[in-house]
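Thanks for sharing this one with me. Here are some notes to read alongside the coordinates.

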Amino acid sequence: MSSIRVHAVESANLVSKEGCEKLLRIFSLGKESRQIFVLAPLRDTAFELSSLLISAKEHDERLWSLQEQRFSSWTELVENILTVPAGRSVLERITQGFADIEDILRSVWLVEEVSSGVQRYLEKLCDSWIADLLCHYAVTKGFTADLAEYATLNAGTSISAQLLFVYGQLPQAEGSVLRDGRSEYAASQLAGVLKAQGVTFWNNSSLLKNADSNEVPSALVIRSLSYSEATELSFFGAPVIHPQALLPAINESINVHLRWWGDEKDEGTSISKDGEAEQLNKVKGFSIIHDIALINVEGAGMSGVIGIASRLFTAMREASISVVLISQASSEYSICFAVPASQMERACIVAREAFSHELSEHLIQSIEGESGLAILAAVGKQMTGQAGIAGKFFSSLGRASVNVIAIAQGSSETNISAVIKGSDSKKALRALHARFFLSKQALSVGLIGPGNIGSTLLEQIESESQRLREQFGVDIHIRGIANSKKMVLDQDAIDPGSWKTRFEQEAVPLDLDLFIHHIGATYFPHSLVIDCSTSSQLAQQYDSWLEMGIHVITPNKKAGTAPMAYYNKLFDTCLRTGRRFLYETTVGAGLPVICTLKDLVQTGDRIHRIEGIVSGTLAWLFSTYDGTVPFSALVRQAKEMGYTEPDPRDDLSGMDVGRKTVILAREMGYEVEVEDIPIQSLVPEGMASLSIEEFMQNLEELDVHIEQAYHDACEKGEKLRYVGIVDEKGACSASLASFNGDHPFAQTSGTDNVICFTTDRYLSQPLVIKGPGAGREVTAGGVFSDMLRLAAYLGARI
């Protein structure tokens with residue numbers, strides 16, 4: 001026995017060669033040997049014929065030119081899709097059809113009346129041409145195909161061709177609210193009549209998702225639903241489910257597939273009697289009915305009185321007012337019910353009239369309406385009997401500061417509904433979607449400072465984000481990017497591969513408070529700000545961000561070297577809130593310096609001394625300098641290569657090294673301030689106050705001192721290096737020194753950083769960390785590593 005699948009398709013999708021090719025691909029990918037395509041009446045303005053009747057009735061002189069345009073559109077369509085001789089018979093039929101149409105139009109012109117029968121005839125004629133065209137096209141591709149009018153098909157119909165194209169006047173469900181002419185109900189009914197294996201509804205809008213994509217951009221496709229779940233979601237406005245169209249399939253227990261014409265490869269959503277047996281998420285989706293009003297009937301005189309609810313809702317029914325939700329207190333002191341906002345005033349009047357006696361006797365105190373509301377529903381058959389689903393639902397709304405005005409939940413537990421303010425609907429949907437469907441390690445990330453390091457970090461995230469999500473459950477959402485002047489925000493995620501284009505086109509003036517509150521949205525499981533700037537002002541904000549529940553990662557040294565009072569407050573906040581402040585790249589770029597030191601201290605090793613070449617700029621200058629080229633020339637070269645800060649004095653002053661020694665000393669537990677440590681500056685006195693341009697013009701003043709220090713080191717057989725030191729008492733210094741050839745510092749090259757730890761465990765042979773200490777890739781990589789450390793702390797499988 002041949003298997004059959006019935007499809008409901010918009011004819012407008014098939015009036016092109018691409019549409020015909022897609023239809024045959026759909027057939028070829030299908031498992032059923034016989035496939036029936038029920039064609040919805042054509043609404044394409046370039047091909048439809050009904051508008052010609054209106055022009056004829058109104059004596060529009062453009063009628064005949066419009067008729068000629070329609071004829072040309074049809075003939076061009078056939079010629080584009082079919083070759084001779086296949087196209088000839090279709091063209092002959094269309095030509096004859098237009099000759100008949102001309103006679104009809106002349107009659108309408110004379111009588112100035114369009115009968116429904118004439119309109120249906122033109123629609124059927126138009127649809128039959130599409131079916132004929134598709135039939136011939138399928139045959140030219142080697143398939144067997146036929147066409148039939150819907151009214152001629154019944155339970156005894158034998159389907160012999162591989163493809164059958166069905167057209168004509170299609171039945172609609174009684175009381176249907178569907179747009180006239182849709183083919184879903186007809187396809188569902190035909191599937192039941194022919195005992196088909198399944199029916200597929202092709203829509204032109206989207207796949208069915210677990211929330212509205214316009215309000216929740218990260219919404220996911222729902223892969224399976226039970227009949228009851230689909231019906232619940234359709235009531236709450238799911239855009240691609242039409243409950244009346246499902247009825248014939250439900251009655252015959254036929255599986256329904258909801259698919260999107262825009263992507264024939266995606267299997268879409270399967271709707272069956274029981275849905276998928278076991279799913280990770282007990283909630284299938286969330287939906288909202290907007291423009292709702294709540295009517296509240298309140299009074300002590302209602303308590304224990306039989307028939308109050310009956311009188312109330314009988315009055316609503318007689319007034320043709322649709323009641324979409326009911327909630328009643330067990331004390332019977334109040335009854336509230338939701339109606340469309342457009343019916344609120346009428347509902348209040350009807351209720352007051354029905355209870356005029358009770359109102360006059362003060363048995364009922366008030367009957368009032370509140371508009372501007374929405375009903376938010378969670379739907380899922382497997383919510384039944386699952387402890388905690390409702391708690392999770394309402395706690396998520398509470399965390400998002402969404403006030404719940406009324407609640408309704410049936411004993412079947414398939415649907416939990418809450419009335420909320422309409423203005424909160426987007427926030428509420430996002431909060432629920434994040435809680436129920438996002439990874440528990442989903443991160444809402446804001447990046448400040450998309451310069452060299454920041455932009456490189458975004459490139460690294462782009463290349464690894466899919467792997468991290470699939471393998472480890474780490475879901476990174478870059479929801480905001482800002483520089484010192486502008487910002488761009490996204491409710492879901494900015495594509496890190498195209499952020500520059502979006503920043504150029506969409507950036508608005510920076511509002512730091514708005515930026516931080518956006519990143520810290522309560523509907524995301526976790527929030528993170530990455531500060532890749534060098535700003536002292538931003539560093540002073542870290543504590544408040546941590547208080548808001550936002551983790552902080554930065555290569556910015558300003559917070560780590562801030563006054564001890566703020567430094568201690570920062571870490572006290574971390575301990576109290578459980579939020580993380582990570583700053584591995586403040587010393588050694590991507591080298592594991594901070595984490596190594598933490599491990600040593602926390603495992604009880606006593607630190608005797610830390611020495612380090614911790615400036616990539618100064619490392620390059622002194623490993624390159626050999627006396628043959630003036631030191632000033634190397635500084636200019638380093639600036640051109642991007643090794644120095646925009647103002648080279650920021651490196652040459654030694655302050656960068658001094659700050660890093662302070663960070664290391666504080667990790668050892670010492671209270672050290674930057675201004676208290678000796679730092680040898682390589683900038684001659686008097687040059688610190690010059691402009692950058694003047695400083696660069698007078699660089700040669702550096703040469704005499706550096707050349708003398710170099711020769712002094714050479715006489716001792718040593719190498720000149722700029723080093724930061726922390727001793728066992730926490731005393732810090734940063735200065736130029738020389739080291740013999742066996743010392744790790746003497747063996748460096750390029751921008752290498754070298755940090756030596758002398759401890760109880762590493763006393764005779766210090767622990768040495770060596771590697772590139774500068775460069776956008778390694779520094780960005782270090783920040784990325786901090787992100788993964790944070791993810792591991794939050795529970796990722798890393």
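The points below cover salt bridges and then one strand with its neighbours.

1. A word on the source: this is a predicted model. Please keep that in mind when you look at individual side chains.

2. Across the whole structure, a search turns up 34 salt bridges. I picked out a few that are worth opening in your viewer.

3. Start with Arg-311 and Glu-358, whose closest N and O atoms are 2.8 Å apart in a salt bridge. The two residues are 47 apart in the chain, and the pair links distant parts of it: Arg-311 belongs to helix α9 (residues 308-318) and Glu-358 to helix α11 (residues 356-360). Their surroundings are worth a look as well: Arg-311 is partly exposed at 36% relative accessible area, whereas Glu-358, at 10%, counts as buried.

4. Next, Glu-370 and Lys-421 form a salt bridge through their side chains, with an N to O distance of 3.5 Å. Glu-370 sits in strand β12 (residues 366-379) and Lys-421 in strand β14 (residues 415-421), so this contact ties together parts 51 residues apart in sequence. Glu-370 is partly exposed, with a relative accessible area of 32%, and Lys-421 is partly exposed too, at 37%.

5. Asp-786 and Arg-789 offer a local case, with a salt bridge of 2.7 Å from N to O. Both lie in helix α27 (residues 776-793), and because they are three residues apart there, about one helical turn separates them. Is each partner buried or partly exposed? Asp-786 counts as buried, with 2% relative accessibility, while Arg-789 is partly exposed at 34%. Salt bridges with shared partners also join Lys-22, Arg-25 and Glu-264 into one network.

6. Now to strand β2 (residues 34-40), where seven of the seven residues are buried. Which residues cover its two faces? Arg-34, Ile-36, Val-38 and Ala-40 are buried on one side, and Gln-35, Phe-37 and Leu-39 are buried on the other.

7. One neighbour of β2 is strand β1 (residues 4-10), and the two pair in the parallel sense over seven bridges. Val-6 has Ile-36 of β2 as its bridge partner. Together with helix α1 (residues 17-29), β1 and β2 make up a right-handed β-α-β unit.

8. Strand β4 (residues 163-167) also pairs with β2 in the parallel sense, here over four bridges. To find this pairing in the model, look for Gln-35, which stands opposite Leu-163 in β4.

Conventions:
Residues numbered from 1 in each chain as written. Predicted model: local features only at pLDDT ≥ 70, side-chain atom pairs only at ≥ 80, totals over all residues. Heavy atoms only, no water. Salt bridge = Lys/Arg side-chain N within 4 Å of Asp/Glu carboxyl O. Buried < 20%, exposed > 50% of the residue type's maximum accessible area, 1.4 Å probe, protein only. Pairing = 2+ DSSP bridges. Right-handed = clockwise from strand over helix to strand, strands pointing away.
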